[in-house]
Amino acid sequence: MFSRPTSSSMAFPKKKLQGLVAATITPMTENGEINFSVIGQYVDYLVKEQGVKNIFVNGTTGEGLSLSISERRQVAEEWVTKGKDKLDQVVIHVGALSLKESQELAQHAAEIGADGIAVIAPFFLKPWTKDILINFLKEVAAAAPALPFYYYHIPALTGVKIRAEELLDGIQDKIPTFRGLKFSDTDLLDFGQCVDQNRQQQFAFLFGVDEQLLSALVMGATGAVGSTYNYLGKKTNQMLEAFERKDLSLALNYQFCIQRFINFVVKLGFGVSQTKAIMTLVSGIPMGPPRLPLQKASREFTDSAEAKLKSLDFLSFADLKDGSLEASS
Ligand SMILES: CC(=O)N[C@@H]([C@@H](O)[C@H](O)[C@H](O)CO)[C@@H](O)CC(=O)C(=O)O
């Protein structure tokens, strides 16, 4: 299944991770098994229909922490294999409660030729200080010494509230492979200070709250990782282009439009299950149900989301593929 040279013999990718990064969904069958058969089609959809060429695998959206270690390895391999010569970068989230498991996944990511690894803070027995968290991350990063390392900051889910700004202070002395931050939090003071205090570094600052991306771009975000880029990648890329051209008014129009959709679904109850249902609807690729403890999105949710997407002109009726509703009944 491995189709790329091993990373131990490769230098870091020359290009900094930037632009949109889709936090991939892990497609599943109705029986709850991973549906590897649609991943090739999923890659093509992201690249051709959404203009998204970077992915973040086995993260929150990918239900990475709900998969077994063996499943995580297989999912990572499938994305790397199917993304070869099509995707720019494949970053694998290898965070786990067990340091050993995290190291095993990091090493595996290097072996299969992934472009980077990311790690969340362990969230059951938690690190309570910056130094302890750094020690954990350092041990994981050391298992893949040739891969760029990203810290995945998502305090609302991990419960680890150590500020990213504090963590980044001197981080490369401890973790030489550190290349950036995936910041999934709404604290723009913390995010802005991460950028401001590390201007001399070439770090990637990847923002993870899709509905607030424009504000983060103003603060210096160099890219974004998120669930909505699976199906709103094209729209968000238009916002990025407007921002690049310094057409802030147009960029704001795009952001507001995206916010209208996210605001609508958040009020209905929005999470990974709903992301699976929306992606099935928009792409026509069956994403299947989520794994317990998550519950499948209701038919009512999907119908409302579909109506909203149409009213915002995010898809024409022709964009809806046959059978696209099957996973949301
Ligand atoms: C809590 C959560 O799932 N946040 C999403 C966002 O993309 C989020 O779905 C979006 O901003 C809508 O609220 C991402 O930050 C998660 C992510 O990047 C991942 O799946 O690893």
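Here are a few short exercises, each with a worked solution, on a predicted model of a protein with a ligand.

**Exercise 1. Find out which residues are closest to the ligand, and how the shell around the ligand divides into nonpolar, polar and charged residues.**

Let's start by looking around the ligand. Using a cut-off of 4 Å between heavy atoms, you should find 16 residues surrounding the ligand. The closest are Thr61, Lys182, Gly208, Glu211 and Ser227. Next, sort the shell by residue type: six are nonpolar, seven are polar and three are charged.

**Exercise 2. Look for N or O atoms of the protein that lie within 3.5 Å of an oxygen atom of the ligand, and work out how much of the ligand the protein covers.**

Try Lys182 to begin with: an N or O atom in its side chain is 2.5 Å from an oxygen atom of the ligand. Then go to Ser184, where a polar side-chain atom lies 2.9 Å from a ligand oxygen. Now switch from side chains to the backbone: a polar backbone atom of Gly208 is 2.6 Å from an oxygen atom of the ligand. As for cover, the ligand has 500 Å² of accessible area on its own, and the protein covers 83% of that. To finish, check which pocket you're in: the ligand takes up the space of the largest pocket.

**Exercise 3. Locate the residues that UniProt lists under "active site", and explain why they can be said to gather at one spot.**

The UniProt record, an unreviewed entry, puts this feature at Tyr152 and Lys182. Along the sequence they span 31 residues, but their C-alpha atoms are no more than 4.7 Å apart, so they gather at one spot. Both Tyr152 and Lys182 belong to the lining of the largest pocket. If you want to trace Tyr152 in the fold, look in strand β5, residues 149-153.

**Exercise 4. Do the same for the UniProt feature "binding site".**

This time the unreviewed entry in UniProt names Thr61 and Val225. They are spread over 165 residues of sequence, yet they cluster in space, with a largest C-alpha distance of 10.5 Å. Thr61 and Val225 are also in the lining of the largest pocket. You'll find Thr61 in the loop between β2 (54-57) and α2 (69-83).

**Exercise 5. Check the backbone for a cis peptide bond and for a positive phi in a residue other than glycine.**

First, the background: most peptide bonds are trans, and most residues other than glycine have a negative phi. Now go to Leu292 and Pro293, which are joined by a cis peptide bond with omega about 15°. Pro293 sits in the loop between α12 (272-283) and α13 (299-311). For the positive phi, pick Asn58, with a value near 65°. Asn58 lies in the loop between β2 and α2.

Key. Residues numbered from 1 in each chain as written. Predicted model: local features only at pLDDT ≥ 70, side-chain atom pairs only at ≥ 80, totals over all residues. Heavy atoms only, no water. Polar contact = N/O pair within 3.5 Å; in protein donor to acceptor, adjacent residues only side chain to side chain. Areas by Shrake-Rupley, 256 points an atom, 1.4 Å probe, with all protein chains shown as cover. 1 Å grid on protein atoms, 1.4 Å probe; cavity = no way out; pocket = protein on both sides within 12 Å on 5 of 7 lines; lining within 4 Å. Sits in = over half its atoms within 2 Å of the grid points. Nonpolar A, V, L, I, M, F, W, Y, C, P; charged D, E, K, R; others polar. UniProt positions renumbered as here; feature names shortened; annotations may be inferred. Helix = DSSP H or I, 4+ residues; strand = E, 2+ residues; numbered from the N terminus.
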